[in-house]
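User: I'd like to learn how the terms used for a protein structure are justified. Could we look at one together and check each term against its cut-off?

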Amino acid sequence: RVPQVQPRAEELSELYKELSQHPGLSTACLGPDLTTQYGGKYCSLYTEWSQRDLARAENIKFCRQYLIFHDGASIVYSGPAGTCSEIKDELLSRESPSGMLKAVLRKVPGKEKEKEKQFLEVWDQNRKVKSIDLTALDKHGSVYDDDQFGCLAWSHSETHLLYVAEKKRPKAESFFQSKAPELGTSDEDTGHPKKEDAPIKVGSPHPGSAGGWLCGCGADQTVPQGEQFVYHEDWGETLSTRSVPVLCVLDIEGNSISVLEGIPEHLSPGQAFWSPEDTGVVFVGWWHDPFRLGLRHCTNRRSALFYVDLTGGRCELLSEDTRAVWSPRLSPDGCRIVYLENNVLGPHQQCSQLRMYDWYTKHTSTVLEAVPRQAWGAFPGIYCGALPGMCWAADSRRILLDTAQRSQQDVFVVDTATGTATSLTADSPQGSWSVLTIDRDLLVARFSTPSCPPMLKVAVLPAAGHETQTQWICLQDAPPVPGISWGIRTLQPPPEQEHPQYGGLDFDAILMRPSKGPAGQKPPLVVMPHGKSLSPPHCTPARQCHPLLLLPFPGGPHSVFTAGWMLYPAALCRVGFAVLLVNYRGSLGFGQDSVASLPGNVGTQDVHDVQLCVERVLQEEMLDASRVALVGGSHGGFLACHLIGQFPDTYHACVVRNPVVNIASMVATTDIPDWCLTETGLPYKPDALPDAAQWTEMLHKSPIRYVDRVRAPVLLMLGEDDRRVPPKQGLEYYRALKARGVPTRLLWYPGNNHALAGVEAEADGFMNMALWLLKHLQC
């Protein structure tokens, strides 16, 4: 007999296939303006999209091109040019300033037993003109293609390329390494060790001289013995192959690669670009003493802006050295650099300052301060992982950025001279807007809602003072997914749950629900508290924007659900569940006071906010209070485990992905030990171990404390390679539940880290989650 669940599984898989095929928009690049024979201007728009290929179990990238005709003040016509084509093995790409050339970093599978290779290519408008085997040159390790350190920057003269790679490490030998006898006198016999490739030292006075911009002086190095198993620190989650980054320069004409010296040894450089007039390199340097902490999604790591002069090798500090900075962007006129700045340590994500450095006066000013309280209709503050790679208007005075504004995301133009911020999307549909690029005041953006996948929008930025007149044109439409309705509601905690220092804070929730269903039947409710943002990264100089990650459950707690497209909630809604996405106090987009209110109150304030929201929604909406479940990952999993323990009568099923279960046991194994102490309300010092009282406090705020009260069946999903919330956290909870007879199932995903973002793991995770909920909510 065929099990009754089989048709349901088939329907679920077909639904998932349908929704997962909606592509995500990741990159936009505008070509140079061309003039028609009739005097009109037009340009090409190159875009990259990503899509899940379930049959191949991988994310694929493909490109679409469009033509935009404009008169400088408005867009006259825009439309597609040609069909889509898949992009294979590109790691980074970058157009040259003139738009005539394109640099591509490509991975090439090795033949037979050879390792994968990396090639740096240069293309003109008709052909590939350079293809350089970086692996064979052996000047450095793998090139960084991440959005934390990575860059691929053209010099203004378009003769050199700048990128970041892992420092070459001498090959280590065993103490017992066998050596073949050599005839004649060797360097070792005469006391002169073999010379290894050494980093290139700056010092060439003029570009184009012999040896390129940089010249080198070798240093004698011996092959180290007994060091093949020495531990090398890395930068944690998703950056486990990043240890010692170096800045590298390719001389395109001379086909030579140089490793830039002059960077202080206590810094790890990244996010680099050429200074005005190509006299040197500007970069962000992260301190890695006394040891490296996890860097991914942590905008609170001590770092500063630096400049290395290529003629003298002098390294100059351009910003304060006691803060955290990132995302520097040079103005088109080469006079100013804007960047984001945060406090060191404290919450990993917070309201950021926008700072500006004047290249010629050496003066640094604050363009936008952190906003303590979000006020309706006013600029909410900056809450973003990075500025767009191309963010400056043509006047070199205004910049474009997008930021969370409560539970939606909007685009703002900021006047760096006056510090005023104006919304370009205030009169547009409610949802999630992201800037992809701006060039010559042609603005390209992405827009989505919880019921509508990403679509491509274009506009011309009006003159200063008229920005509210921005007219958006949809270039690539995406029809709404039928059967989903949604809305945003605001809640105020009761007086007894107000924060003693930060009173008067409110919070939001996004409620998605099926717009169709059996007559008279109330849909079940799935509650999703968020964690840390793993939402689509912002544009970076390396590729204008990185691939879109539509991940269902971010870590946390300082993040936010914005009203954009999310695969899991949309799919659950189509199955027949109402989905509640809760932005409890501590979420981004509500002011810095909201962020500051949560450390020291995790496990209480955030838990009570979610429970209040659930109770309110059940009272006010036609939902089935007897069929309520929790789904969450990372800090969202932390909250889900708290809620099923603190309020066991409310919830009847639970699904958690890489949850924080025991802060006290996590602190010794995670790549972010500072998070464990900071969110518990304790001071973090790298040279101090927690005392007995602090261990007790961490345990006291952990959901494992309430495990004896859990009755709801729990499905756990763990990533084997998770560095952020190591899988032993989930195993600890699994064993505790099993010992107490609670129905429990554990899924283990090899090759997946904290995000569980592998196509196969993501698809399997949805199927198991949906079937678990259907079974235990008796749908």
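User: What makes you say that β19 and strand β20 (residues 336-342) pair?

Analyst: Two strands pair if DSSP finds at least two bridges between them. For β19 and β20 there are 5 bridges, in the antiparallel sense, so the pair meets that rule. One example is Val-325, whose bridge partner in β20 is Glu-341. Before we go on, this is a predicted model, where local features need pLDDT of at least 70, side-chain atom pairs count only at pLDDT 80 or more, and totals for chains, interfaces and linings use all residues. Residues are numbered from 1 along each chain as its sequence is written, and side-chain values use heavy atoms, with hydrogens and water left out.

User: Where do the names of strands and helices come from?

Analyst: They are DSSP runs, numbered from the N terminus: H or I over at least four residues for a helix, E over at least two for a strand.

User: Why do β19 and β22 stand at the edges of their sheet?

Analyst: The open sheet has 4 strands in the order β19-β20-β21-β22, with antiparallel pairing. β19 (324-330) and β22 (364-368) each have a single partner strand, so one side of each has no neighbour in the sheet. Direction ignored, neighbouring strands here are turned by 30° against each other on average.

User: What makes Ser-396 a buried residue?

Analyst: Buried means under 20% relative accessible area, exposed over 50%, and partly exposed in between (1.4 Å probe, protein chains only). Ser-396 has 3%, so the word buried applies. Its place is in the loop between β22 and β23 (398-405). Leaving out residues up to four places away in sequence, Ser-396 touches Ser-331, Pro-332, Asp-333 and Arg-336, where contact means heavy atoms within 4.5 Å.

User: What makes strand β35 (residues 653-657) mostly covered?

Analyst: Of its 5 residues, 5 are buried. Ala-653, Val-655 and Arg-657 point one way, Cys-654 and Val-656 the other way, and all are buried. That fits a general pattern: in a regular strand the side chains alternate between the two faces of the sheet.

User: Which way do β34 (residues 628-633) and β35 run, and how many bridges join them?

Analyst: They run parallel and are joined by 5 bridges. Ala-629 stands opposite Ala-653 in β35. Between these strands the chain passes through helix α6 (residues 635-646), in a β-α-β crossover that is right-handed. The term means that, with the strands pointing away from the viewer, the path from the first strand over the helix to the second runs clockwise. β35 also pairs with strand β36 (residues 714-719), in the parallel sense over 4 bridges, and the partner of Arg-657 there is Met-717.

User: How do you know that Cys-676 is in no disulfide, and which cysteine sulfur is nearest?

Analyst: A disulfide is a pair of cysteine sulfur atoms within 2.5 Å. The nearest cysteine sulfur to Cys-676 is that of Cys-298, 11 Å away, so the rule is not met. By this rule the count comes to 0 disulfides. Cys-676 is also buried, with a relative accessible area of 0%.

User: How many residues of helix α8 (residues 673-680) are buried?

Analyst: All 8 of its 8 residues are buried, including Trp-675, Cys-676 and Leu-677. These buried residues pack against α6, α7 (663-666) and α9 (692-700). Gly-681, which follows α8, has a positive phi near 95°.

User: What makes strand β13 (residues 245-251) covered on both faces?

Analyst: Pro-245, Leu-247, Val-249 and Asp-251 on one side and Val-246, Cys-248 and Leu-250 on the other are all buried. β13 pairs with strand β12 (residues 160-166) in the antiparallel sense over 7 bridges, with Ala-165 matched to Val-246. Another 4 bridges join β13 to strand β14 (residues 256-259), again antiparallel, and Leu-250 stands opposite Ile-257. The hairpin of β13 and β14 has 4 residues between the strands, and Asn-255 in it takes a positive phi near 55°.

How values were computed:
Axes fitted to C-alpha atoms, helices over the stretch in contact; angles between N-to-C directions.
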